[in-house]
Every structure is written in structure tokens, then in C-alpha cells.
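Subject: Structure for you to look at

Hello,

Here is the structure I said I would pass on. Please open it first, then read the notes below with it on screen.

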Amino acid sequence: MTERTASLINIPSIGRVERSGLAVTAILMVVCYFIGSRELAVGTAAGGILFTANFMAIRFLVNALIANSYRKGFGIFAFILKMAVFIAIVVVLFIFAKVNLYGFFVGVTGVVIVIIGESLRGSKDGTL
């Protein structure tokens, strides 16, 4: 029980990918606002922030599973639960908040490009 508590206390801080993803999202949001419209900029922010949060959740779960703090069954359950929560958030954004679809995909694409770029650049300690 102490190992689990200790592993949760050592939650990794925001990484290089998350900082870069949020910076690219902010730049894309400003560009979309001036070139497109306010709705496009809001969609870009929603897509970028949500996908960055998704990446952080995946990284947290993988770190917890690698540290052998939890069983594999819990890992599978946690990943399915995470995906269900993020799908529900996206559905709510599109149905109730009327988020711009094109802006959303611009934000998601920006973060995906950052993740690919950071993984190609490599890391000194072997993690993103």
C-alpha cells in the first residue's frame, strides 16, 4: 500500500511535449482568430487542450503501470475509462458547446505534430 501512495506522490511534472503542445495551440489559436473567426479559434483551443490532456493522461497511466504499482487488469480498465471520458467530453463539446469541427482538428493536428517532432528529436532520459 505504501508503494502505491509513494508512486502517486511522485506524479511527473508537465513535460516538454505538453509545454510545446500548449505553446503551439496558443499560436494556432491566435492565427485562427486573425485569419478565420472566433469560433475557429475556440475550436482550435478546445482540440489542442483536450489532446494535450489526453497525452498527459496516457503518460501518467503508462508511468503507473511501468512502476508496477497496479495490475494489468487495472491498466486496461483505466485506459478504457480514460477513452470513454475523453469521447464523452468531445461529444459534449460538439453537441452542446457547438465547437467548430475544423478548428478542433487544427488544434489536434498541431499537438500531434508536436508529439511526432519531439519523439523524432529524441530525449536524453528516454522519455517524452
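The first residue to find is T25, which lies in helix α2, made of residues 16-35. Please keep in mind that the model is predicted.

Is T25 buried or exposed? T25 has a relative accessibility of 5%. The cut-off for buried is under 20%, so T25 counts as buried. Leaving out residues up to four places away in sequence, T25 touches T44, A45, G48, I49 and V111.

Next, go to I58. This residue is part of helix α3, which covers residues 38-66. Its relative accessible area is 31%. Partly exposed is the class between under 20% and over 50%, so I58 is partly exposed.

Which residues is I58 in contact with, once its neighbours within four places in sequence are set aside? They are F79 and K82. K82 is 24 residues away from I58 along the chain, and the C-alpha atoms of the two are separated by 8.4 Å.

Last, look at the surface. M83, I87, V91, V92, I95 and F96 make a nonpolar patch of about 590 Å². One of these residues, F96, sits in the loop between α4 (72-95) and α5 (101-121). The relative accessibility of F96 is 68%. Exposed means over 50%, so F96 counts as exposed.

To recap the three residues: T25 is buried, I58 is partly exposed, and F96 is exposed.

Regards

Methods:
Residues are numbered from 1 along each chain as its sequence is written. This is a predicted model: local features need pLDDT of at least 70, side-chain atom pairs count only at pLDDT 80 or more; totals for chains, interfaces and linings use all residues. Side-chain values use heavy atoms; hydrogens and water are left out. Helices (H or I, at least four residues) and strands (E, at least two) are DSSP runs, numbered from the N terminus. Buried means under 20% relative accessible area, exposed over 50%, partly exposed in between (1.4 Å probe, protein chains only). Contact means heavy atoms within 4.5 Å. Patches are made of residues with over 30% relative accessible area and no salt bridge: like charges are joined within 9 Å, nonpolar side chains (Val, Leu, Ile, Met, Phe, Trp, Tyr) within 5 Å. Accessible areas come from the Shrake-Rupley method with a 1.4 Å probe; for residues, only the protein chains shown count as cover. A salt bridge is a side-chain nitrogen of Lys or Arg within 4 Å of a carboxyl oxygen of Asp or Glu.
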